[in-house]
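Hi,

Here is the structure I promised to pass on. Have a look at it first, then read my notes below.

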Amino acid sequence: MKPIRTAIIGTGFMGRVHLEALRRVEFVEAAVIAGINAEAARRLGAGFSISTIATDYHDVLRDSAIDAVHICTPNAQHFPMAKDALQAGKHVLSEKPLATTVAEAEELVSLAARQGLRNCVCHNLRYYPMVQQMRRLCEAGDLGEILVVQGTYSQDWLLYDTDWNWRVDSKAGGPSRVMADIGSHWFDMAEHVTGLRLTSLCADLQTFHPTRKQPKHAVETFANQLLRPEDYLETPVHTEDFGAVIFRMGARTRGSVTASQVSAGRKNRLSIEIYGTRSSVAWDQERPDELWAGHRDAANQIFVKDPSLLKPEARSYADLPGGHSEGYDDTFKQLFRRFYASIGAPDGAPEYPQFVDGLRQLRIIGAALESHRTRGWVDVPAFSPAVAAHS
């Protein structure tokens with residue numbers, strides 16, 4: 001089989017994560033690395049024996065030998081890069097958020113459909129085996145009717161006013177930070193697992209640091225650094241550090257979630273709890289191989305990931321036998337494998353989040369921003385299940 005040749009656009013934290021995962025996907029060749037900093041692109045490529053680099057992503061799009069691109073750049077660049085790539089006939093896998101506005105995302109959804117190209121937004125956290133087990137338990141009716149969905153996505157890497165990342169800057173990251181950056185992962189998982197859709201919400205957002213100390217030189221995501229006064233600039237902040245949302249799902253399901261990047265000790269904790277009329281499940285990303293099951297009239301249980309014990313529909317999301325952990329990096333591998341398999345099978349149904357799912361999250365985040373501004377409940381525009389039936 002002829003390898004599918006792809007390019008990575010972006011040389012930061014996510015660019016490296018995507019590149020490492022691509023090396024684990026059959027019949028895919030990471031052929032080019034593109035980044036505005038040539039030296040950074042060379043350094044990243046050198047470790048993976050990729051000698052071809054570009055400082056202008058348009059050079060990649062003009063290369064007829066490149067079949068697909070991964071967009072791993074700051075949020076504000078996702079829309080123009082994805083649009084240019086689709087117009088150049090490339091399949092596109094973009095980091096989330098898909099864009100910074102609903103209108104941009106709608107344009108990308110329409111363009112991808114017109115071009116007949118595969119498109120994916122990287123909500124990779126769907127792909128933990130135990131998340132898929134939760135999804136299949138819900139589908140099978142094992143939990144009964146879903147009554148309550150609740151949880152949090154908590155981190156601590158922006159706790160101090162000396163912590164800085166491009167996401168803090170609304171010009172690079174968009175009008176929302178915490179809800180768009182990590183809240184969107186939680187909402188995507190909640191809808192994906194339960195099969196229910198948010199219909200309305202009420203949100204409260206908070207910026208604890210109205211100014212932050214911005215380094216005079218670039219700092220990679222999650223990198224810690226001790227700064228001296230002469231090393232930084234006092235910079236106003238217009239994006240939120242924390243958000244709390246209560247919401248309605250489906251006909252009568254209710255829920256709540258908090259998202260935070262200032263929660264000391266929480267490194268990357270997406271926690272979701274789903275309570276049904278028969279039983280309940282709970283999962284924590286910091287303990288990804290465990291699934292808690294709760295019962296009213298019997299002992300509660302903790303299941304450890306073992307493919308032989310998973311629902312048949314969830315089994316293909318686990319490659320390793322019981323007792324062998326599968327974590328964050330494996331979720332990218334599982335997503336990328338399905339994305340590239342769909343390129344090779346153009347008539348097959350996609351088994352991954354598409355641009356329409358990225359649009360869905362922007363509509364939810366937009367509703368949260370509007371709710372915070374008006375201090376009231378806001379309806380979430382309807383999802384289009386016919387477009388994303390297999391996402």
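**What I found**

Let's start in the strands: H70 stands opposite L93 in β5. From β4, the chain goes through helix α4 (residues 78-87) to reach β5, making a right-handed β-α-β crossover. Before we go on, keep in mind that this is a predicted model.

β4 and strand β5 (residues 91-94) run parallel and are joined by 4 bridges. β4 also pairs with strand β1 (residues 4-9), again in the parallel sense and over 4 bridges. If you want one pair to click on there, A7 has V69 in β4 as its bridge partner.

Now, are the faces of β4 buried or exposed? Strand β4 (residues 68-71) is covered on both faces: A68 and H70 are buried on one side, and V69 and I71 are buried on the other. That split fits a simple rule: in a regular strand, side chains alternate between the two faces of the sheet.

Next, try helix α5 (residues 102-115). How far apart should its ends be? It has 14 residues, and at 1.5 Å a residue they should span 20 Å; the end C-alpha atoms are indeed 20 Å apart, so the model agrees with the expectation. The buried residues in α5 are A105, L108, V109, L111 and A112. To make sense of that spacing, remember that an α-helix has 3.6 residues a turn, so residues three or four places apart point the same way. Among the elements covering the buried residues of α5 are α4, β6 (119-121) and α11. Right after α5 comes G116, with a positive phi near 70°.

One of those covering elements brings us to L362, which sits in helix α11 (residues 355-374). L362 counts as buried because its relative accessible area is 10%, and the cut-off is under 20%. What does L362 touch, leaving out residues up to four places away in sequence? The answer is P97, A99, T100, T101, V102 and A105. Sequence distance can fool you here: L362 and E104 are 258 residues apart in sequence, yet their C-alpha atoms are 9.9 Å apart in space.

For a contrast, go to S49, in the loop between α2 (38-46) and β3 (53-54). S49 is exposed, because its relative accessible area is 70% and the cut-off is over 50%. S49 and T152 are 103 residues apart along the chain, and 40 Å separates their C-alpha atoms.

Have fun clicking around!

How values were computed
Residues are numbered from 1 along each chain as its sequence is written. This is a predicted model: local features need pLDDT of at least 70, side-chain atom pairs count only at pLDDT 80 or more; totals for chains, interfaces and linings use all residues. Side-chain values use heavy atoms; hydrogens and water are left out. Helices (H or I, at least four residues) and strands (E, at least two) are DSSP runs, numbered from the N terminus. Buried means under 20% relative accessible area, exposed over 50%, partly exposed in between (1.4 Å probe, protein chains only). Two strands pair if DSSP finds at least two bridges between them. A crossover is right-handed if, with the strands pointing away from the viewer, the path from the first strand over the helix to the second runs clockwise. Contact means heavy atoms within 4.5 Å. The expected span of a helix is 1.5 Å times one less than its number of residues.
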